[in-house]
Amino acid sequence: MEAITARDTLRTITTHYIDGVFVESHGREIMDIIRPTNGQVIARVTLGDEEDTRRAIAAAKRAFATFGRTTTEERASYLRRLHEAVSARIGELTAAMVEEYGGVVQFAGPLVQSGANAFLAAEKGLQELPWTRSWGKTTVTLEPVGVAGLITAWNANALFICLKLASAVAAGCTVVIKPSELSSLQTRVLLECLNAAKLPKGIYNVVTGRGDVVGAELVRNPDVAKISFTGSVAVGETIMRDGAATMKRVTLELGGKSPNILLDDADFNKAVPTALGIAFLNSGQACAAGTRLLVPKSRLDAVKRIIREAAHAFTVGEPADPKTAVGPMVSQKQYEHVQSYIHKGIEEGAEVLVGGEGHPPGFEAGYFVKPTVFVNVRNDMTIAQEEIFGPVLCVIAYDTEEDAIRIANDTKYGLHAFVSGTDIQRARRVASQILAGRVAINGMLDDPDAPWGGFKYSGVGREFGRYGIEAFLEPRAILE
Ligand code: NAD
């Protein structure tokens, strides 16, 4: 097996993982992996093609014949082994994320840990599911859908692979994973962990390659029953449309433009710095980031003052430094994408309270941007409607509670939302009117058993725990 060696040597990855072994790529295209803190090429990856993908699908199909009939006890034991294997290398997985896409260590560490925990959450979900239910002369069993294609985004690639794989294994599905091509080094470390768990061959197969090559083959191949995808709305639409030809089941985890409502009874000295943390999560490259901060008009001046003071804590720097809150963007393209939105915000008449265009001083070499807060933002401005995927927060003033709820829901997205207030009954009442898959009250909260997924353009279906497993199952009723 190829090992990831010293950080200062150029690494090469030329293999995929098919039928329990690392095999040389049939595809010949080579892609550079670039370190986002300084633009240096750190690895060369050989990308897979349709033939590699078809081989992986065939392996998954063969394995499904046996794996699809395993008992829940067997699958629970596989999940525990996967948990142990990933837990053993949390440090290396975190380091690979930090190096490859510039994820800050204070976010990447817990994120990798969540990936390892996903296997235990799936085991718990598996124990809770009603696999067989009978009444009268009817028996309903939950059956795995078949071979699944798992396609991931780069921004939390290891977590997405673990989450999707955990649900699929719990359900009894075999998989072909197409990780983000921007995450090849992280995927390789993760793959070494999965391989160490010594599962029977063919249960999971991994082909690294382009979305429009490897991903597209998974979407159109009739031997793939389901696609579980995390990524952009544009690609999600393509998958839904092209997958229809073979009646694919789909789970689509897409973008967001999450509102964060500060009610007038919130503790602003606490809630505003927390709101900055939620907006700049993963350097702003997070689907759940709370990027629209809705504040009562009467408290706007106080909020601006607290933002100016609190913004100093969001240090830009080397992502490996535990003090760094905001690292670089993943690529030059993403840097330019974020810059274009900051420019657009200024053009449309929003006011830059902190940050602005260009690199932060001293960080010109990499893809660093200035954490930016806009005030005087109207919800119909481009920066308030479109997902920027960088550390850019829009502050929007509202008049009444009803007004806040209306603005929060005036978006095509519905992935996540946040509400802060001291009157918990009132905060719950507001939360219950937000069209989003998750609403967190008073902070950024997580629960591995709670469903994750979006309303509206934020996606189709749910992941996490029992909900994630159900997405890989079909009920079958037998009537006597
Ligand atoms: P992307 O859509 O560009 O790529 C995601 C994956 O899809 C990659 O592996 C890519 O290679 C693949 N792909 C591209 N074209 C394809 C095609 N035609 N067929 C099949 N697969 C194809 O997204 P990205 O830039 O990697 O990630 C950023 C986006 O992901 C943002 O919009 C973000 O909000 C979203 N996201 C959502 C969640 C969530 O849980 N809802 C989590 C993280 C990121």
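This report walks through the aromatic rings of the structure and the charged groups that sit over some of them. The model is a predicted one, so the values here are computed from its atoms.

**Ring pairs**

A good way in is to ask how a ring pair is described: by the distance of the centres and the angle of the planes. In this model, the count comes to 8 aromatic pairs. One of them joins Tyr 17 and Tyr 204, which is stacked because the ring centres lie 5.2 Å apart and the planes meet at 5°. This pair links distant parts of the chain, with Tyr 17 in strand 2 (residues 15–18) and Tyr 204 in strand 10 (residues 204–206), 187 residues apart. Both Tyr 17 and Tyr 204 are buried.

Another stacked pair is formed by Trp 452 and Phe 464. Trp 452 belongs to the loop between strand 19 (438–441) and strand 20 (459–460), while Phe 464 belongs to the loop between strand 20 and helix 15 (465–470); the two are 12 residues apart. Trp 452 counts as buried because its relative accessibility is 15%, under the 20% limit. Phe 464 is buried too, with a relative accessible area of 10%.

Here are the two stacked pairs side by side.

| Pair | Centre to centre | Angle between planes |
|---|---|---|
| Tyr 17 and Tyr 204 | 5.2 Å | 5° |
| Trp 452 and Phe 464 | 5.9 Å | 20° |

Tyr 17 and Tyr 204 also belong to a cluster, linked by ring pairs, that includes Phe 22.

**Charges over rings**

Which ring has the charged end of Lys 226 over it? That ring is Phe 472, with the charged end 5.2 Å from its centre. Lys 412, in turn, lies over the face of Tyr 457, 4.8 Å from the ring centre.

Technical notes: Residues are numbered from 1 along each chain as its sequence is written. This is a predicted model: local features need pLDDT of at least 70, side-chain atom pairs count only at pLDDT 80 or more; totals for chains, interfaces and linings use all residues. Side-chain values use heavy atoms; hydrogens and water are left out. Rings of Phe, Tyr and Trp (its six-membered ring) pair if their centres lie within 6.5 Å; planes under 30 degrees apart count as stacked, over 60 as edge-to-face and the rest as tilted. Helices (H or I, at least four residues) and strands (E, at least two) are DSSP runs, numbered from the N terminus. Buried means under 20% relative accessible area, exposed over 50%, partly exposed in between (1.4 Å probe, protein chains only). A charge sits over a ring if NZ of Lys or CZ of Arg is within 6 Å of the ring centre and within 35 degrees of the ring normal.
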